[in-house]
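Good morning, colleagues. Please take a moment with the sequence and the structure on the screen before we go through them together.

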Amino acid sequence: MDQAATEGLALLHGGAECIKFSRAGQPSVTLIRLSPDQQTITWQRHGLGKLKRKQDRRAVEVEAIERVDVGRESAAFRSAPPNARGSA
């Protein structure tokens, strides 16, 4: 495994704070974690945003992931308002 992959796994195990865009293009700060057995990815809203939902933690089995859209490649990011995207 290369160094970037090792660093990425370490980051996900500890929890990575990311900006997640909804299907409607609305951004929210989200904490993403990889389980110790590397079988499950969980995410939850971070900060005050988590108070808006009853279920603030979600999970998916790694084997169920079919595709990952990264950053500016995703349709949700492209549909976000320009002021929510940061610098391009």
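Which residue follows α1, and what is the sign of its phi? The residue is G15, and its phi is positive, near 105°. Please bear in mind throughout that this is a predicted model.

Let me stay with the helix itself for a moment. Helix α1 covers residues 3–14, that is, 12 residues. At 1.5 Å a residue, this helix should span 16 Å, because the expected span is 1.5 Å times one less than the number of residues. The C-alpha atoms at its ends are 17 Å apart, which agrees with that expectation.

I turn now to the overall layout. The chain contains three helices and four strands. Read from the N terminus, the order of the elements is α-β-β-β-β-α-α.

Next, the strands and their pairing. Strand β1, residues 16–21, runs antiparallel to strand β2, residues 27–34, and six bridges join the two. Within this pair, I19 is placed opposite V29 of β2. The hairpin formed by β1 and β2 has five residues between the strands, and G25 adopts a positive phi there, near 90°.

Strand β2 also pairs with strand β3, residues 40–45; these two run antiparallel and are joined by five bridges. Here T30 faces R45 in β3. The hairpin of β2 and β3 likewise has five residues between its strands. In this hairpin the residue with a positive phi is Q38, with a value near 60°.

Let us move to the surface. Which residues form a nonpolar patch there? They are V62, I65 and V68, and together they have about 220 Å² of accessible area. I65 lies in the loop between β4, residues 57–61, and α2, residues 75–79.

Is I65 buried, exposed or partly exposed? Its relative accessible area is 33%, and it is therefore classed as partly exposed, since that class lies between the 20% limit for buried and the 50% limit for exposed.

Finally, some totals for the chain. Of its 88 residues, 17% are buried. The accessible surface amounts to about 6800 Å², and carbon and sulfur atoms account for 53% of that surface. As for contacts between residues at least 6 apart in sequence, 21% join residues at least 24 apart.

To return to the opening question, the residue after α1 is G15, with its positive phi. Thank you for your attention.

Conventions:
Residues numbered from 1 in each chain as written. Predicted model: local features only at pLDDT ≥ 70, side-chain atom pairs only at ≥ 80, totals over all residues. Heavy atoms only, no water. Patch = residues over 30% accessible without salt bridge, like charges linked within 9 Å, V, L, I, M, F, W, Y side chains within 5 Å. Areas by Shrake-Rupley, 256 points an atom, 1.4 Å probe, with all protein chains shown as cover. Salt bridge = Lys/Arg side-chain N within 4 Å of Asp/Glu carboxyl O. Buried < 20%, exposed > 50% of the residue type's maximum accessible area, 1.4 Å probe, protein only. Contact = heavy atoms within 4.5 Å. Pairing = 2+ DSSP bridges.
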